[in-house]
Amino acid sequence: MSISNTLSGWQRHLRKRNSLLPQAMSDIDPALRDVVQLRTDGLCEYCRISERLTLAEHEIDHVIAVKHGGQTVAENLALCCAVCNRFKGSDIASIDSESGHLTPLFHPRVDRWDDDFQVRNGEILGLTARGGSQSNFCA
């Protein structure tokens, strides 16, 4: 079986699954949804949990929420587990507990996960102010 046949099969599967999503999620064009899902290999872009290990399907998150001027384009969308998506919500920043400064949250299209986070003994640890503020709710 060729890679193109495998991708086509995955794309058909994702489109069928996506057609069953609630209306709010289906506002995203199915082709764009496929791009977001395929580039992540099924991992949440915030905590890296595999969709295969969760009870709920991963969701498409606007990294910069529409209400903050974010657009529905591939560069502003992330695959996100339900837990991270609920805690992040429409936030784009958080207060760093050590410095008290407002700190932008991790942006999967701009920031490198390994620069801000580390997994140690099954726990996500923040390595930077950005990672520290976000690891409090994505762990």
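Which residues of helix α3 (residues 30–39) are buried? Keep that in mind while you get your bearings; what you have open is a predicted model.

**The whole chain**

Start with everything shown as a cartoon. The protein chain has 6 helices and 6 strands, and along the sequence they follow the pattern α-α-α-β-β-α-β-β-α-β-β-α. Of its 139 residues, 39% are buried. Among contacts with a separation of 6 or more, 49% are between residues 24 or more positions apart. Switch on the surface if you like: the accessible area comes to about 8,400 Å², and carbon and sulfur atoms account for 55% of it.

**Stop 1: helix α3**

Now select residues 30–39 and show their side chains. Here is the reply to the opening question: L32, R33, D34, V36 and Q37 are the buried residues of α3. As you turn the view, remember that an α-helix has 3.6 residues a turn, so residues three or four places apart point the same way.

Next, add D29 and A31. At the start of α3, a side-chain oxygen of D29 comes to within 3.0 Å of the backbone nitrogen of A31. Then move past the other end of the helix and pick D41, which follows α3 and has a positive phi, near 55°.

**Stop 2: C81 and its neighbours**

Select C81, in the loop between β2 (77–80) and α4 (82–88). Is C81 buried or exposed? Its relative accessible area is 6%, so C81 is buried.

To see what surrounds C81, show C44, C47, I49 and H58 as sticks; C81 touches these four, leaving aside residues up to four places away in sequence. You can also draw a distance from C81 to S50: they sit 31 residues apart along the chain, and their C-alpha atoms are separated by 8.5 Å.

**Stop 3: E59 in strand β1**

Move to E59, which lies in strand β1 (residues 59–62). Why does E59 count as buried? Because its relative accessibility is 12%, and the cut-off for buried is under 20%. Add N85 to the view, and you will find a polar contact of 2.5 Å between the side chains of E59 and N85.

**Stop 4: the β5–β6 hairpin**

Finish by selecting residues 117–120 and 123–126. These are strands β5 and β6, which run antiparallel and are joined by 4 bridges. To look at one pairing, pick V119 and its bridge partner in β6, I124. Then select N121: the hairpin has 2 residues between its strands, and N121 takes a positive phi near 55°.

Key. Residues numbered from 1 in each chain as written. Predicted model: local features only at pLDDT ≥ 70, side-chain atom pairs only at ≥ 80, totals over all residues. Heavy atoms only, no water. Buried < 20%, exposed > 50% of the residue type's maximum accessible area, 1.4 Å probe, protein only. Polar contact = N/O pair within 3.5 Å; in protein donor to acceptor, adjacent residues only side chain to side chain. Pairing = 2+ DSSP bridges. Contact = heavy atoms within 4.5 Å. Areas by Shrake-Rupley, 256 points an atom, 1.4 Å probe, with all protein chains shown as cover.
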